[in-house]
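Visitor: I would like to know how the words used for the empty spaces in a protein are justified. Could you take me through them one at a time?

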Amino acid sequence: MNTHPSHHTRTLWRHAKLSTLADTCGWGLVPDGAVVTEGNRILWAGPEAAMDLDLTHGVTAEHDLGGALVTPGLIDCHTHLVYGGHRAHEFEQRLNGASYEEIARAGGGIRSTVTATRAADGVALLRMACERAQCLMAEGVTTLEIKSGYGLSAEHEARCLRAARQLGANLPVTVRTTALCAHALPPEFADRPDDYISAVCEWLPALHAEGLVDAVDAFCENIGFTPAQTRRMFEAASALGLPLKLHAEQLSDQGGAALAAEFGALSCDHLEYLSASGVAAMAKSGTVAVLLPGAYYFLRETKLPPVQALRDAGVPIAIASDHNPGTSPALSLLLMLNMACTLFRLTPEEALRGVTVNAARALGLSASHGRLAPGMQADFAVWDLDHPNELAYWFGHNPCQRVVHAGVHRAPTLVASRTALSPEGARFA
Ligand code: DI6
Ligand code: FE
């Protein structure tokens with residue numbers, strides 16, 4: 001892997017067609033653009049002709065991008081990347097007539113992945129997650145949220161969150177971790193969901209003290225946890241000063257979004273069954289709506305999230321892969337852009353904002369990520385495209401030429417080279 005540039009390395013990226021997304025609307029197109037980075041930050045982005053000569057003074061490296069399109073690096077703000085096994089057999093069961101909820105209630109679903117995750121060794125868990133991350137990264141992803149939620153014990157949740165941290169240390173991608181201990185009821189707590197929530201509230205301080213938690217999430221659903229249980233966990237997380245997220249209104253309306261909004265959550269995710277009062281609560285608290293077309297598609301859901309109501313209320317909309325083995329085994333964020341447009345009727349600009357500006361906001365990173373502007377982390381993707389609307393248009397094709405993460409240049413094709421893990425990675429167990 002490339003070493004990080006010193007804070008003083010100033011680099012000029014020229015002959016670019018920029019889509020900065022720097023303003024509150026519009027693509028922010030700059031036809032003959034340039035970007036100046038210093039260390040891991042953007043110093044300047046704009047029309048090359050308007051570049052101040054002082055800026056180019058200390059430039060020690062220059063890259064000609066040949067007129068290619070440059071956007072902010074993509075942000076996948078909702079993934080469950082760390083797990084063992086897969087659930088192709090459940091996909092098959094569903095095609096033979098079983099429903100996702102029936103499979104879950106019969107002990108399959110999330111709990112079958114918990115068994116496989118607990119049985120996997122630590123190095124394998126990390127290696128599998130790295131391979132998945134590299135698929136996403138090959139399409140211009142420079143920031144990735146990774147949830148736990150397939151360990152469901154203090155020990156196994158910590159192990160999964162450590163794997164997520166290790167992934168960020170080993171690959172050129174920024175990782176934000178989310179503790180989703182309240183994802184499903186583990187077998188040790190069968191029929192004792194309140195006791196399980198109490199246990200989770202006790203695990204959180206230690207997970208946080210180890211630096212493993214950037215946010216806390218829960219699955220508030222009739223096959224997950226009740227609003228009262230979710231509230232109890234939110235209180236424990238808030239007491240630790242941890243930001244909140246919620247899997248809300250995915251399969252039914254539990255009033256989860258309003259609850260999350262009451263706690264000032266960063267985001268509510270899924271939201272197919274979101275009510276008008278839920279929309280209003282989210283608008284009031286500034287909570288981001290993270291829409292997950294992969295899960296909608298894979299579950300053959302028919303109830304659409306209330307996109308127009310979200311727009312009318314001014315709720316920021318983000319898009320993510322929700323990569324997980326049960327409901328969204330998707331490893332392409334670009335495909336999610338296309339599906340957000342075809343299935344949810346987002347505009348291509350809304351879709352791109354959903355994986356940049358608004359995805360950053362869903363992770364609490366709006367001051368440093370998601371736009372090409374001075375002071376932001378130098379994360380951008382270079383595309384073999386004429387216009388950013390093509391990002392949502394093509395599907396099943398990767399036009400990403402190269403990626404810059406924290407000022408460091410990489411080819412997008414890490415997948416083929418299977419980047420070797422560092423010694424720390426190998427030691428992780
Ligand atoms: N909602 C989902 O779609 C995933 N988790 C959640 O709370 C599904 C996870 C799985 O089926 O493994
Ligand atoms: Fe999810």
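Guide: A pocket is an open set of grid points with protein on both sides within 12 Å along at least five of seven lines, and its volume is the space filled by probe spheres set on the points. This is a predicted model, and its largest pocket holds about 360 Å³ of space.

Visitor: What makes a residue part of the lining of the largest pocket?

Guide: A lining residue has an atom within 4 Å of a grid point. In the largest pocket 19 residues line the space, and Ala104, Arg111, Leu185, Ile223 and Gly224 are those nearest its centre.

Visitor: Which helix gives the most to that lining?

Guide: H3 does, with three residues. Helix H3 (100-105) and helix H4 (110-119) each supply at least two.

Visitor: How are the residues of this lining divided by class?

Guide: There are 10 nonpolar, six polar and three charged residues. Gly counts as polar and Arg as charged, so Gly224 belongs to the polar class and Arg111 to the charged class.

Visitor: What is known of the second largest pocket?

Guide: Its space is about 310 Å³. The lining has 17 residues, with Thr24, Cys25, Pro316, Arg353 and Asn358 nearest the centre. Helix H12 (307-313), helix H14 (348-354) and helix H15 (357-362) each give two or more residues to it. By class, eight residues are nonpolar, two polar and seven charged.

Visitor: Why is the space taken by ligand 1 called a cavity?

Guide: In a cavity, a 1.4 Å probe fits but cannot get out, with the protein atoms alone considered. The space that ligand 1 takes is the largest cavity.

Visitor: Which residues come nearest to ligand 1?

Guide: Arg87, Tyr100, Tyr150, Gln250 and Thr327 do, out of 14 residues around ligand 1. That shell consists of four nonpolar, eight polar and two charged residues.

Visitor: What makes the pairing of Tyr100 with ligand 1 a polar contact?

Guide: The cut-off is 3.5 Å between N or O atoms. An oxygen atom of ligand 1 is 2.5 Å from an N or O atom in the side chain of Tyr100, so the pair counts as a polar contact. For Arg87, the distance from a side-chain N or O atom to an oxygen atom of ligand 1 is 2.7 Å. A nitrogen atom of ligand 1 lies 2.8 Å from a polar side-chain atom of His183. On its own, ligand 1 has 320 Å² of accessible area, and the protein covers 100% of it.

Notes
Residues are numbered from 1 along each chain as its sequence is written. Chains are lettered from A and ligands numbered from 1 in the order in which they are written. This is a predicted model: local features need pLDDT of at least 70, side-chain atom pairs count only at pLDDT 80 or more; totals for chains, interfaces and linings use all residues. Side-chain values use heavy atoms; hydrogens and water are left out. A residue is near a molecule or strand if one of its heavy atoms lies within 4 Å of it. A polar contact is a pair of N or O atoms within 3.5 Å; within protein, one must be able to donate a hydrogen and the other to accept it, and residues adjacent in sequence count only if both atoms are side-chain atoms. Accessible areas come from the Shrake-Rupley method with a 1.4 Å probe; for residues, only the protein chains shown count as cover. On a 1 Å grid over the protein atoms alone, a cavity is a set of points where a 1.4 Å probe fits but cannot get out, and a pocket is an open set with protein on both sides within 12 Å along at least five of seven lines; lining residues have an atom within 4 Å of a point. A molecule sits in a cavity or pocket if more than half of its atoms lie within 2 Å of its grid points. Helices (H or I, at least four residues) and strands (E, at least two) are DSSP runs, numbered from the N terminus.
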